[in-house]
Amino acid sequence: MTTRNLTVGVAAALLSLGAAGCAVEEATTTESGANVITEGTLTVCTSLPFKPFEFRQGGEVVGFDIDMADRIAQANDLELELVITGFEGIQSGQALNTNQCDMAAAGMTITDERAEVIDFSDGYFEATQALLTNDESITSLEDLDGKSLGVMTGTTGEIYVDENAPDGVEVRVFEDLGLQSTAVKSGQIDAAVQDNGPLLDFAKDNPDVFVTAEFDTGEEYGFAVKKDGNDELLDSINTVISESREDGSYDELYEKWFGQAPASE
């Protein structure tokens with residue numbers, strides 16, 4: 001989950017530079033009652049790289065989250081615009097509170113702590129934590145006693161490691177998924193804990209690293225809007241999630257980005 005740059009109508013670099021203090025003066029309201037910071041546009045904050053949810057490909061930002069966000073924009077007769085920013089600003093609510101965007105889509109796990117500062121949609125993706133390593137004999141956190149383990153700042157993976165790793169594990173913190181997974185591949189660290197989707201995707205493309213364990217944490221990803229500030233947009237997001245599951249379009253997107261349809265419940 002995290003970092004940024006220019007793409008698909010994204011004035012990302014400019015917005016990122018002024019992120020902390022720069023806010024759009026006022027929002028406009030769509031026919032459905034949703035508040036948007038730019039008329040005719042759904043502005044969505046995301047964070048890169050978090051493949052296959054959001055990542056850069058051929059000069060544009062693509063991924064499962066981006067396709068879902070585009071469906072939400074279409075349902076409101078809006079054009080999609082992306083703002084690429086840091087994950088910490090998204091999960092803390094800062095990006096939404098300073099009107100950098102109307103909605104956040106960043107492979108973000110729904111947690112009670114985050115729900116205190118942002119409003120989450122219904123869950124749209126079941127996730128769990130996984131262990132990426134360059135040594136197939138490492139299959140648990142206990143196996144990392146005396147070794148190094150990478151986590152990404154501000155993530156549920158960092159929380160899981162803080163609560164469950166043995167004292168002898170050397171925990172190193174990374175700013176984004178790309179740095180974290182590359183550190184495992186290059187041997188800078190022995191392993192990393194991160195969400196299962198991007199780690200499985202990375203291991204698929206890099207045969208010298210392995211996902212050797214998954215930790216069932218009962219997590220779900222949710223989209224987000226400003227806390228107590230955009231109920232109509234939140235309702236629309238939930239409607240799109242529900243209808244896409246019912247009409248089969250969710251399964252089509254899932255198979256497009258993950259190579260297979262989601263497991264039946």
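The accessible surface of the protein chain, computed on a predicted model, comes to about 11800 Å², and carbon and sulfur atoms account for 44% of that area. The chain has 265 residues, of which 52% count as buried, and its secondary structure is made up of 10 helices and 14 strands. When contacts are restricted to residues at least 6 apart in sequence, 72% of them join residues at least 24 apart.

**Nonpolar cores**

In soluble globular proteins, nonpolar side chains tend to be buried together. In this model the largest nonpolar core has 63 residues, and the members with the most contacts inside that core are Phe64, Met103 and Phe223. Helix α2, which covers residues 64-75, supplies the largest share of this core, with 6 residues. A second core, separate from the one just described, has 14 residues, among them Leu144, Tyr160, Ala213 and Phe215.

Phe223 gives a view of the surroundings inside the largest core. If residues up to four places away in sequence are not counted, Phe223 touches Asp65, Met68 and Ile72, then Met103, Ala104 and Ala105, then Asp119, Phe120, Ser121 and Tyr124, and finally Ile237 and Ile241. Met103 thus appears both in the contact list of Phe223 and among the residues with the most contacts inside the core.

Ala106 is placed in the loop between β7 and α5, the latter covering residues 112-115. With a relative accessibility of 1%, Ala106 counts as buried. The C-alpha atoms of Ala106 and Ala224 are 9.1 Å apart in space, although the two residues are 118 residues apart in sequence.

**The disulfide**

A search of the whole structure finds 1 disulfide. The disulfide is formed by Cys45 and Cys101, whose sulfur atoms are 2.2 Å apart. Cys45 belongs to strand β3 (residues 41-46), while Cys101 sits in the loop between α4 (94-97) and β7 (103-104), and the pair links distant parts of the chain, with their positions 56 residues apart in the numbering. Because the torsion about the S-S bond is about -105°, the disulfide of Cys45 and Cys101 is left-handed. Both cysteines are buried.

**Salt bridges**

The structure holds 7 salt bridges, including the three set out below.

| Salt bridge | N to O distance |
|---|---|
| Asp205 and Lys51 | 3.2 Å |
| Glu170 and Arg172 | 3.0 Å |
| Lys204 and Asp201 | 3.5 Å |

The bridge between Asp205 and Lys51 spans a long stretch of sequence: Asp205 lies in helix α8 (residues 196-205) and Lys51 in the loop between β3 and β4 (55-57), so the pair ties together parts that are 154 residues apart in sequence. Asp205 is partly exposed, with a relative accessible area of 42%, and Lys51 likewise counts as partly exposed, at 31% relative accessibility.

Lys204 and Asp201 are both in helix α8, and because they are 3 residues apart there, about one helical turn separates them. The two partners have unlike surroundings, since Lys204 counts as exposed at 60% relative accessibility, whereas Asp201 is buried, with a relative accessible area of 10%. Lys51, Asp201, Lys204 and Asp205 are linked in a network of salt bridges, and this network therefore brings together the loop residue Lys51 and the helix α8 residue Asp205.

For the pair of Glu170 and Arg172, whose side chains meet in a salt bridge, both partners fall in the partly exposed class: Glu170 has a relative accessibility of 41%, and Arg172 has a relative accessible area of 32%.

**A buried glutamine**

Gln180 is placed in helix α7, which covers residues 177-186, and at 1% relative accessibility Gln180 counts as buried. The side chain of Gln180 is joined to that of Gln194 by a polar contact of 3.0 Å. Leaving aside neighbours within four places in sequence, Gln180 is in contact with Gly150, Val151 and Met152, with Phe174, and with Ile189, Ala192, Val193 and Gln194. Gln194 is accordingly a partner of Gln180 in the polar contact and also a member of this wider contact list.

Technical notes: Residues numbered from 1 in each chain as written. Predicted model: local features only at pLDDT ≥ 70, side-chain atom pairs only at ≥ 80, totals over all residues. Heavy atoms only, no water. Disulfide = S-S within 2.5 Å. Helix = DSSP H or I, 4+ residues; strand = E, 2+ residues; numbered from the N terminus. Buried < 20%, exposed > 50% of the residue type's maximum accessible area, 1.4 Å probe, protein only. Salt bridge = Lys/Arg side-chain N within 4 Å of Asp/Glu carboxyl O. Contact = heavy atoms within 4.5 Å. Areas by Shrake-Rupley, 256 points an atom, 1.4 Å probe, with all protein chains shown as cover. Core = buried A, V, L, I, M, F, W, Y, C linked by side-chain atoms within 4.5 Å. Polar contact = N/O pair within 3.5 Å; in protein donor to acceptor, adjacent residues only side chain to side chain.
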